[in-house]
Amino acid sequence: GRCQVEGGGREAMDGGEPLPQRRRRIKANSAEAHEGEPATFPAAAQEQDAGADEDGAGEGGSGREDGEWFPDQTIYGKYEYLDHTADVQFHTWGHSLSEAMEQQVVCMFSYITDLGTVDEVGESNVEVSGHDMQSLLYAFMDEFLYQFCVDGFVARRVSITSFDRETWKISAKGFGEKFQPRVKHPQGTEIKAITYSAMQILEAEEGGSAEIYVIVDI
């Protein structure tokens, strides 16, 4: 695979115990996403979230199994993980296509480690181009993954600063820090590559709400 970080795979943190296998989980809106705005989910996400609450009613309402690892809820974004044969599918949404694309990168890094342990002490600059929207999204995510593989930079938050639909170019900043497996950051699942398989970019209208589906190779 393209990305191989020291201690890759489901390695241990501190005490040598591997992180549990992730299961599909819903992410609520973060305070960072849209201040003062109510949470919005696709219909399927709303139904699953309600079901999770019912399942956990007898256990303090958490709906989680003992030992199951979830990132810090205070940084949840607008994304979820969907099961897909041997790979995993990232589903994100936002009030704009830019936000849905930003969430794809955050979703990716949340799968790699617990973003609750990542501090915004550094910045990463990304400039990519494509020949259509799918190739632009691929290049956008792939560049962040490449920076992680080469420099170990984990972005807890991403902001697209320029989005040119005519020339298919994006400029963005990532905010986070260098990955420190076992020392500070738990080791999640290695992401080998972004793929075009079943990629979907759904936009209500230009400048309106959007949803994105991306399958990654793990």
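Ala-198 sits in the loop between β8 (193–194) and β9, where strands (E, at least two residues) and helices (H or I, at least four residues) are DSSP runs, numbered from the N terminus. This is a predicted model, with local features needing pLDDT of at least 70, side-chain atom pairs counting only at pLDDT 80 or more, and totals for chains, interfaces and linings using all residues. Residues are numbered from 1 along each chain as its sequence is written, and side-chain values use heavy atoms, with hydrogens and water left out.

**Exercise 1. Two loop residues with a positive phi**

Work out what phi Ala-198 takes, and where Trp-168 lies.

Step 1. Start with Ala-198: its phi is near 55 degrees, a positive value in a residue other than glycine.

Step 2. Check its surroundings. Ala-198 has a relative accessible area of 44%, so it is partly exposed. The cut-offs here are under 20% relative accessible area for buried, over 50% for exposed, and partly exposed in between (1.4 Å probe, protein chains only).

Step 3. Now move to Trp-168, which lies in the loop between β6 and β7. Its phi is also positive, near 55 degrees, in a hairpin with 4 residues between the strands. With a relative accessible area of 24%, Trp-168 is partly exposed.

**Exercise 2. Strand β7 and its partners**

Find out how many bridges join β7 to β5, and how many pair it with β6.

Step 1. Look at β5 and β7: they run antiparallel and are joined by 8 bridges. Two strands pair if DSSP finds at least two bridges between them. Glu-127, for instance, has Ser-171 in β7 as its bridge partner.

Step 2. Turn to β6, which pairs with β7 over 10 bridges, again in the antiparallel sense. Here Ile-160 stands opposite Ala-172 in β7.

Step 3. Ask how covered β7 is. Of its 10 residues, 7 are buried, so β7 is largely enclosed by the rest of the structure.

**Exercise 3. The core and helix α2**

Decide which residues have the most contacts inside the largest nonpolar core, and whether the 16 residues of α2 are mostly covered or mostly open.

Step 1. Define the thing you're hunting for: a nonpolar core is a set of buried Ala, Val, Leu, Ile, Met, Phe, Trp, Tyr and Cys residues joined through side-chain atoms within 4.5 Å.

Step 2. The largest one has 42 residues, and Phe-90, Met-108, Phe-109, Phe-140 and Phe-144 have the most contacts inside it. Elements giving two or more residues to this core include β4 (87–94), α2 (97–112), α3 (133–151) and β10.

Step 3. Zoom in on Met-108. Leaving aside neighbours within four places in sequence, Met-108 is in contact (heavy atoms within 4.5 Å) with Phe-90, Met-141, Phe-144, Leu-145, Ile-191 and Ile-194.

Step 4. Back to α2: 15 of its 16 residues are buried, so the helix is mostly covered.

Step 5. Test the length of α2. The expected span is 1.5 Å times one less than the number of residues. For the 16 residues of α2 that gives 22 Å, and the end C-alpha atoms are 23 Å apart, which agrees.

**Exercise 4. Salt bridges across the chain**

Establish how many salt bridges a search of the whole structure finds, then see which parts some of them link.

Step 1. Set the rule: a side-chain nitrogen of Lys or Arg has to be within 4 Å of a carboxyl oxygen of Asp or Glu. The search finds 6 salt bridges.

Step 2. Take Arg-157 and Glu-120, whose side chains meet at 2.9 Å, N to O. Arg-157 is in strand β6 and Glu-120 in the loop between α2 and β5, so the pair ties together parts 37 residues apart in sequence.

Step 3. Next come Glu-123 and Lys-173, with their closest N and O atoms 3.5 Å apart. This pair links strand β5 to strand β7, 50 residues apart.

Step 4. Then try Arg-165 and Glu-203, where the closest N and O atoms are 2.6 Å apart. Since Arg-165 lies in the loop between β6 and β7 and Glu-203 in strand β9, this pair ties together parts 38 residues apart in sequence.

Step 5. Finish with a network of salt bridges, which links Asp-119, Glu-177 and Lys-184.
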